[in-house]
Amino acid sequence: MRLVVALAACAAALCGRESAQAFDFFGLWSSEDSSPPVSPTAISYSVAVDVAGDDRGIRNAVTDASSLYRLRKDAPPDGEALARRAAGDFVPVIDALWGAGYYNATVTISLGAASLTVASSDVAAFARAAESYRNRAVAPVAIRVDPGPLFRLRTIRVVNVAGAEFSQDELPPRIVGLKPGDPAVASALRAAETRIIDWFRNQGRPLAKVQSIAPVVDHAAEVMDVTVATDPGPVATFGEATMTGPESFDPGIARSFLYIQPGDPYSPRALQDARTSIRQIPAVGGVRITEGTALDAYGRLPYQIDVEDRLPYAVGGSAQYSTTNGPAGQVYWEERNVFGGAEQLRLQADIFYAPPWYVVAPNVQDFSIHDLGGRLSASFLKPALWDTRNDLLINALGERVSSAGAGFFGYEAEDFDGTVALRRRFSQYFSVQAGFEGQTGTATDVLGKVDYTLVGVPLSVTYDSTDNKLDPTRGFRVTASAAGFPTFLGSSLDLVQAKARASAYYALDADQRFVLAGRIGLGAMGGPALDEIPANWLFYAGGGGSVRGYAFNSLGPTGLFDAVIGGRSLFEASAELRVRVNDTIGIVPFFDAGNAFASTFPDFSSPLYSSVGLGLRYFTAVGPIRLDVAFPLERHAGNGPVAVYFSIGQAF
């Protein structure tokens, strides 16, 4: 690196400026602020911005607004063109300073002895000064700014179309967000305008608008009085929806995922939910909703939904490695419009490390092909059967899995499973599913080997009113399922299993920077004795989606050699305080607790394992990236003093 710099410096000394630039390695060593070379056909110039008080924010505002600065690498042909360019800077630069709250600012643009101000602009003298630099040197243009004092707001009035101020019930002061003494900056006024419009729209007024923002500046007192004239518009309901697209399947399928009915109260949240709901269709690539600009004769708001088609095929794969679970890989193929009715078919193959149940600490040297597990799965979805809100789901899989190898005895299982189910969508929040399932396989753990066949009817209910799938700040989720596998249907044992999981989210402040989140999970199983139930059907706790700090499936009743054998019931609970430090960073202290129990229902006289930890969140457009560090509070086989988890989305 030092040799290259020395060569460039030598070239500059021996060959002159132009030769040095030719030796500049394609601009790698040039400065962003360098000026064009002096020339007989153009006036090359540099720009220095000098702000009194050396305020970096003001300097950035000036350079962003200045065409002199922005076009400094584009040398004008003569001095008059440079002078006109400089004179044209006053309006945008002063406008930028006013927008930043400096209404007594002064700006001077000078070149040698020639100078331009708002009050006195001798363009001819400035042009002659610029011409004196032609083919001789770079003209040193200086922009000097004295911003003066920062103006403050004195009064803020928000009035309706009749000129009367809104009451606090009609428009709470926290929505306006402006108070006397705040800096009189344009960005704050624009933000207040957005909040006011959003407030009235959320009150069912889709045509709300700010008609004008009238600032009155008192230059002597260095304050501003602001009057915001707002037209809330009428309360309205939804009208008819016009749907454009999709092209590759019946639009009636997309319409079945629209739960807004004509006459429903207008709500921006309903439109957002509609967009999210239609996007659930695998064959849909994008959804755009455009609101009407006027109400119809019945006081309803018409709107248009544009649905875009998605690419019909997808192929993907992934690979990963874990110090506890070893290597793993996945490939899949997906078709999103199989028969022209937005049907989805997905074929997937997974391969992973799956040693025998009795292997606690795997040895790489002893690894064999028999230590690999895998899963082949196929899923088929037919949405909106006959343009109704009923969906057909068919799933099949065959797998060989193991929970051993992470520092504790586990189980291994081989099974084949098939499910046919019908899902009824009552709204974008609530759905019920019922079907028929059959599974046959072999499961082995410290209690022995169980060959089994299960045939039964699973039922499930889902409710989700959260505002965001990956980072919710309000609402709650509930998923509950129950399945019965009686012998009269062909099962080898009478088995009943029920599971439920619920989570709730509550923002402590209006800006949703402090969110309380809680989760609880329950499981219960009735029927045969513990040693007669296949190990892969028992309940286990521990892991990133359960009790963090403990290895996956490492918590539950134990048998010989302290081997985890799973339980017939489960209890899990988590609590988090999600603190958003700024727009991109958040921290999350959390507490987890749980265990699996040998009894049919959770036995709280038995111990609960718990952990504490701290998470870091990095917020992206896709969702938060999660890094959690958890510390188990009780010693347990297979667990160290700390565990780290990394994923996309919140923990629950």
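Begin by selecting helix α11, residues 268-278, which contributes 6 residues to the lining of the second largest pocket, the most that any element gives. Since this is a predicted model, treat what you see here as computed geometry. The pocket holds about 670 Å³ of space, and of the 21 residues that line the pocket, Q272, T276, D467, N468 and K469 are the closest to its centre. If you colour the lining of the second largest pocket by character, you should find 5 nonpolar, 8 polar and 8 charged residues.

Next, go to strand β4, residues 139-146, and show its partners on either hand. Strand β1, residues 45-51, pairs with β4 in the parallel sense over 7 bridges, and within this pairing Y45 has A139 as its bridge partner. Strand β2, residues 106-111, runs antiparallel to β4 and is joined to β4 by 6 bridges, one of which can be located by selecting V107 together with its partner V145.

From there, select L116, which lies in strand β3, residues 114-116. L116 is buried, with a relative accessible area of 0%, and its contacts beyond the neighbours within four places in sequence include A83, A86, A87 and F90, as well as V107, T108 and I109. The contacts of L116 also include V123 and F126, two residues that are buried in helix α7, residues 123-131, along with A125, A127, A129 and A130. To see what covers the buried residues of α7, display α5 (79-87), β2 and β3, which are among the elements that do so. For a sense of scale, draw a distance from the C-alpha atom of L116 to that of G556, 440 residues apart along the chain, and the separation should read 81 Å.

The last part of the tour concerns salt bridges, of which the count comes to 30. Select E572 and R501, whose side chains meet in a salt bridge at 3.0 Å, N to O; this pair links distant parts of the chain, with E572 in strand β22 (residues 569-580) and R501 in strand β20 (residues 495-507), 71 residues apart. E572 counts as buried because its relative accessibility is 3%, whereas R501 is partly exposed at 38%.

Then select R157 and E165, which form a salt bridge with their closest N and O atoms 3.2 Å apart; R157 is partly exposed at 32% relative accessible area, and E165 is likewise partly exposed, at 46%. Finish by selecting R548, E576, R578, D592, R617, R626 and D628 together, which are linked in a network of salt bridges.

Definitions and conventions. Residues numbered from 1 in each chain as written. Predicted model: local features only at pLDDT ≥ 70, side-chain atom pairs only at ≥ 80, totals over all residues. Heavy atoms only, no water. Pairing = 2+ DSSP bridges. Helix = DSSP H or I, 4+ residues; strand = E, 2+ residues; numbered from the N terminus. Buried < 20%, exposed > 50% of the residue type's maximum accessible area, 1.4 Å probe, protein only. Contact = heavy atoms within 4.5 Å. 1 Å grid on protein atoms, 1.4 Å probe; cavity = no way out; pocket = protein on both sides within 12 Å on 5 of 7 lines; lining within 4 Å. Points joined across faces, edges and corners; volume = space filled by probe spheres on them. Nonpolar A, V, L, I, M, F, W, Y, C, P; charged D, E, K, R; others polar. Salt bridge = Lys/Arg side-chain N within 4 Å of Asp/Glu carboxyl O.
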